[in-house]
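Colleague: I am new to this one. Please pick a single part, look at it closely, and then move outward from there.

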Amino acid sequence: MLNSEINSSALVLFSGGQDSTTCLAWALTHFDKVETIGFNYGQRHQVEMTCRKEVLKSIRKSFPNWGEKLGDDHVLDLDILGKISDTSLTQDKAISFAKSGLPNTFVPGRNLLFFTFAATIAYRRSLKLLVGGMCETDYSGYPDCRDNTLKSLQVSLSLGMDVPVVIDTPLMWLDKRATWELAKELGGEALLSIIVKDTHTCYLGDRTTLHSWGYGCNQCPACELRSSGFLKFMQKSD
Ligand code: ZN
């Protein structure tokens with residue numbers, strides 16, 4: 001069990017999607033002080049950056065007790081990441097990615113960089129834990145989402161900063177159905193409603209149609225995962 005004295009504060013990697021919103025609710029349930037961090041890295045669409053502000057607003061409104069614990073939201077401009085990971089600039093690499101079976105949405109080493117920047121902010125803000133929504137169950141293709149990758153990064157950051165840095169990934173072994181279930185446990189219907197209406201997951205940034213599971217194109221891999229997880233969750237709830 002974590003020492004609540006030592007680990008009473010957390011910095012959540014918060015993108016405005018379903019997973020990081022569930023992680024934020026998890027952190028607000030467990031810790032006294034919670035701050036959030038988001039990264040602007042030239043994503044194909046800016047929907048995520050807009051949604052994350054809406055989600056924070058809705059959480060403050062629907063959960064006043066969580067709102068009291070919710071501190072600053074840090075947004076870091078990592079434009080350079082978008083520039084150097086652009087596969088059209090590095091065609092040879094694009095071909096080798098295709099061979100490895102990873103989707104073209106993969107930004108190499110993204111989570112390593114995100115956690116390193118988050119650790120720098122956490123150090124300055126005296127926040128003890130870093131929380132991220134990475135998961136091996138649904139996204140086993142992304143090597144920087146793996147449990148061992150993040151455990152090794154935790155050791156590197158702790159050594160490199162000479163303070164205990166703890167990376168917590170509450171969704172690591174959950175599938176999407178279980179992630180919906182966790183959200184319900186943490187914040188009931190009010191949190192489910194925020195996740196459905198305010199969070200964003202669709203790769204294409206489509207927010208034209210509200211489905212039972214949220215907005216999205218209903219065709220890209222992210223929509224497919226989110227909707228099938230939601231349908232399984234609803235079947236189990238019936
Ligand atoms: Zn989609």
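Modeller: Two strands pair if DSSP finds at least two bridges between them. Strands (E, at least two residues) and helices (H or I, at least four) are DSSP runs, numbered from the N terminus. The model is predicted, so local features need pLDDT of at least 70 and side-chain atom pairs 80 or more, while totals for chains, interfaces and linings use all residues. Residues count from 1 along each chain as its sequence is written, and side-chain values use heavy atoms, without hydrogens or water.

Start with the sheet. It is open and built from 5 strands, in the order 3-2-1-4-5, with parallel pairing. Strand 3 (70–77) and strand 5 (166–168) are the edges, and each pairs on one side only. On average, neighbouring strands are turned by 25 degrees against each other, direction ignored. (Axes are lines fitted to C-alpha atoms; angles run from 0 to 180 degrees between N-to-C directions, and for helices the fit covers the stretch in contact.)

Now take the edge at strand 5. Strand 4 (residues 129–131) runs parallel to strand 5, and 3 bridges join them. Leu130 faces Ile167 of strand 5.

Cross to the other edge, strand 3. Here Asp72 meets Arg125 in a salt bridge, 3.0 Å from N to O. The two are 53 residues apart: Arg125 sits in helix 6 (residues 110–125), Asp72 in strand 3. (A salt bridge puts a side-chain nitrogen of Lys or Arg within 4 Å of a carboxyl oxygen of Asp or Glu.) Both residues are partly exposed: Arg125 has a relative accessible area of 32%, and Asp72 has 41%. (Buried is under 20%, exposed over 50%, partly exposed in between, with a 1.4 Å probe on protein chains only.) Glu35 joins Asp72 and Arg125 in a salt-bridge network. The structure holds 7 salt bridges.

Another of them lies in helix 7 (residues 147–161), where Lys151 and Asp147 are 4 residues apart, about one turn. Their salt bridge spans 2.5 Å, N to O. Asp147 is buried at 12%, whereas Lys151 is partly exposed at 47%.

Last, the zinc ion. Its protein donors are the SG atoms of Cys202, Cys217, Cys220 and Cys223, at 2.3 to 2.4 Å. (Donors are N, O and S atoms within 2.8 Å of the metal, or 3.2 Å for Na, K and Ca.) In sequence the spacing is C-x14-C-x2-C-x2-C. Cys202 and Cys217 are both buried.
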